[in-house]
Amino acid sequence: EKAGFDHFMLKEIYEQPKAYRDTMRGRISEDGRSVVLPELNMTPEILRGINRVHIVACGTAMHAGLVGKTIIEQLARIPVETDVASEYRYRSPIITPDTLVIVVSQSGETADTLAALREAQRCGARVLAITNVVGSSVAREADDVIITLAGPEIAVASTKAYTSQLIAFYLFGLYWAQTLGTKTADEVAHILAAMQSLPEQVEKILAQAETVKAVAEEISKHSNLFFIGRGLDYAVALEGSLKLKEISYIHSEAYAAGELKHGTLALIEDGIPVIALMTQEELYEKTLSNIKEVKARGAHVLGIINEGHEAEAAKSVDHQFAIPRTLTLLTPALSVVPLQLLSYYASLALGHDVDKPRNLAKSVTVE
Ligand code: BG6
């Protein structure tokens, strides 16, 4: 059932191109110019009446939500807050009938997320669920549901469910933008065209998995490292760091690249690995100066860069991994893949149980 792969996690990483295609299938009009989401119960009028969004989830799904925040704010220009579900209820969040609460959960059974959903509904908000399991508790109780079509995810560390959640956010964000007119029809069509190239681009990344393996083996000798990035790269850094911690038990911290100098720069010492995400073109120069700060203190830097920046990046980083060119907004759907591979190979090098890491469960049904 692992279809020739050594672990479910690796199989699921390789299933991502299919998961992207399946999650997009039938949700893009035949002419490729608009999003169709017939599964939504909310009418365009309801959507037009929403003036704030709360995204609530746990773990990896929460990290998809951080990307979702930028997607919705950029496409629909509606303000979005994100919360971890176990905190949400206890901060007296301002939930009104004009609030859309989006809960994200692979399993649809996470107790913290379900409790947040119920609290949101009690306060009169509409709840949209993004989940991978039809008929799950979250899917049954939400007002609207977008099912990710990642297929069953067996490995505890989430990979294809996370990236499918990103695809769901892109689709919903575009649907919202076309409803409000915050993006022109041509802009929507342009983004959809780029989305349809993502599966093939992930395949190109997977074809280079061996280069990640060598870096992962090096990293597995360390007990501490950093992930840095700005903007969407920071959201992906958080997920890369979580993945590594979950299955390799190597401690790492994700930092907004520009914040490092305000806090933990003292922890950057000779030889420490730093994974630097450098895919946000408009922030590239700024990130580069943060890389110089860590290099000056002896860090060993792996840069995740956009194709075309190889020669230039070689001057600043020790290793690099290039992802195919896409729109800035879509980069997380590509840049997370080398980080998934990195944690997989690091865990493997350390001889850990990749699919069933210690102390973690696939779905946690207690608060
Ligand atoms: C945790 C899992 O307990 O729950 C994580 O170990 C997962 O991998 C998180 O991301 C949320 O799960 P779900 O099913 O709500 O997405």
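## Exercises: the ligand site

**Exercise 1.** How many residues surround the ligand, and which are the closest?

Solution. Count residues with a heavy atom within 4 Å of the ligand. That gives 13 residues. The closest are Ser 105, Gln 106, Ser 107, Thr 110 and Ala 361.

This is a predicted model: local features need pLDDT of at least 70, side-chain atom pairs count only at pLDDT 80 or more, and totals for chains, interfaces and linings use all residues. Residues are numbered from 1 along each chain as its sequence is written, and side-chain values use heavy atoms, without hydrogens and water.

**Exercise 2.** Sort the shell around the ligand by class, then find the helix with the largest share.

Solution. Start with class: 5 residues are nonpolar, 6 polar and 2 charged. Gly counts as polar here. Next, take the helices, which are DSSP runs (H or I, at least four residues) numbered from the N terminus. Helix H4 (residues 59-76) gives the largest share, 3 residues.

**Exercise 3.** Which backbone atoms lie 2.7 Å, 2.9 Å and 3.0 Å from an oxygen atom of the ligand?

Solution. Look for polar contacts (N or O pairs within 3.5 Å). At 2.7 Å, find a backbone N or O atom of Gln 106. At 2.9 Å, the backbone N or O atom belongs to Ala 361. At 3.0 Å, the partner is a polar backbone atom of Thr 60. Now add cover: the protein covers 90% of the 390 Å² of accessible area that the ligand has on its own (Shrake-Rupley method, 1.4 Å probe).

Conventions
Near = heavy atom within 4 Å. Polar contact = N/O pair within 3.5 Å; in protein donor to acceptor, adjacent residues only side chain to side chain. Helix = DSSP H or I, 4+ residues; strand = E, 2+ residues; numbered from the N terminus.
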